[in-house]
Amino acid sequence: EKYEGKGFKVLGFPANDFKGQEPGTNEEILSFCTLTYDVQFPMFSKIAVTGEERHPLYDGLVASGVETIGDGPMRERLAKHGLETGQDGGIVWNFEKFLIGRDGKVAARFAPDVTADDPRLLSVLEKELARAEADLTRARASKDTIALEQHQVRALQASRRSVVGQLAEAQANLAERQIVAPIDGTILSRPVEVGDVVSRGSPVF
């Protein structure tokens, strides 16, 4: 809840792969988590996270190759009970966590016994949120710059059209108002044409 306003979401994926800890239906699992742990985040349908039936989502998460923070103690405790899990980078036990960045890539992975309030988890989470916010700020600034440049281009185009129009109008007015003084002194308020006399003995051809 502390980080929800910054775009962070917790998503739960129940699995019955570890000693049958989640045997219930999706409805039963949701009810248990809500009533027992006051879970407020979205809970998805039960899936497999190990073996041949492993969900494609976890295929991708495991294939990311991101090092597991806090790996070791939980694995050793399980081994003492004859439970060998998490081979080849697989999921060790329930409550293993993956932090997904805004770009859709795995930013961090945490062992099952790294709790949600563990300083190691919170530190990585806050850094990732800060990076995402910085990226978003840069994207918004870039978008604003593009919008400003487009506005400036449109303004320059409109200004050019206005100047060209004013120049054409001025040229037309100048032609209409052009004054020619023939030999006889008559004033002509029209454009110069072939045959007009603009000075003594100098007809226009």
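These entries record what I looked up in the structure, from the whole chain to single residues.

**Entry 1: the chain as a whole**

I noted at the outset that the model is predicted. I went through the secondary structure of the protein chain and found four helices and five strands. Along the sequence I read the pattern α-α-β-α-β-β-α-β-β. I then looked up burial: of the 205 residues of the protein chain, 23% count as buried. For the accessible surface I noted about 14,600 Å², with 56% of it belonging to carbon and sulfur atoms. Among contacts with a separation of 6 or more, I found that 47% are between residues 24 or more positions apart.

**Entry 2: the three-stranded sheet**

I traced an open sheet of three strands, in the order β1-β3-β2 and with mixed pairing. The edge strands are β1 (68-69) and β2 (97-100), each of which pairs on one side only. I looked up the sense of each pairing. β1 and β3 run parallel, over two bridges, whereas β2 and β3 are antiparallel, over four bridges. I recalled that strands of a sheet pair through backbone hydrogen bonds.

I next examined the hairpin of β2 and β3, which has five residues between the strands. Gly104 in this hairpin takes a positive phi near 85°.

I also asked how many residues of β3 are buried. Four of the five are, so I recorded β3 as largely enclosed by the rest of the structure.

**Entry 3: Arg109**

I chose Arg109 for a closer look; this residue lies in strand β3 (residues 106-110). Is Arg109 buried or exposed? I found a relative accessible area of 4%, and because the cut-off for burial is under 20%, Arg109 counts as buried.

I then looked up what stands opposite Arg109 on either strand pairing. Thr68 stands opposite Arg109, and so does Phe98.

Which side chain joins that of Arg109 in a polar contact? I found Glu96, at 2.6 Å. A polar atom of the Arg109 side chain also lies 3.0 Å from the backbone oxygen of Gly90. Leaving aside residues up to four places away in sequence, I listed the residues that Arg109 touches; among them are Val62, Val66, Glu67, Ile69, Gly89, Ile91 and Lys97. Thr68, Gly90, Glu96 and Phe98 are also in that list.

**Entry 4: aromatic pairs**

I searched the whole structure for aromatic pairs and found six. One of them, Phe13 with Tyr58, is edge-to-face, at 6.4 Å centre to centre and 80° between the planes. This pair links distant parts of the chain, 45 residues apart: Phe13 is in the segment before α1 (26-37) and Tyr58 is in helix α2 (residues 56-63). I checked the accessibility of both partners. Phe13 is partly exposed at 25%, whereas Tyr58 is buried at 9%.

I looked next at Phe32 and Tyr37. Their ring centres are 5.9 Å apart and their planes stand at 80°, so this pair is edge-to-face. Phe32 counts as partly exposed at 45% relative accessibility, and Tyr37 as exposed at 57%.

Which residues do ring pairs link into a cluster? I recorded Phe13, Phe44, Tyr58 and Phe98. Phe98 thus appears twice in my notes: in this cluster, and opposite Arg109 in β3.

Key:
Residues numbered from 1 in each chain as written. Predicted model: local features only at pLDDT ≥ 70, side-chain atom pairs only at ≥ 80, totals over all residues. Heavy atoms only, no water. Buried < 20%, exposed > 50% of the residue type's maximum accessible area, 1.4 Å probe, protein only. Contact = heavy atoms within 4.5 Å. Areas by Shrake-Rupley, 256 points an atom, 1.4 Å probe, with all protein chains shown as cover. Polar contact = N/O pair within 3.5 Å; in protein donor to acceptor, adjacent residues only side chain to side chain. Pairing = 2+ DSSP bridges. Phe/Tyr/Trp six-rings, centres within 6.5 Å; stacked < 30°, edge-to-face > 60°.
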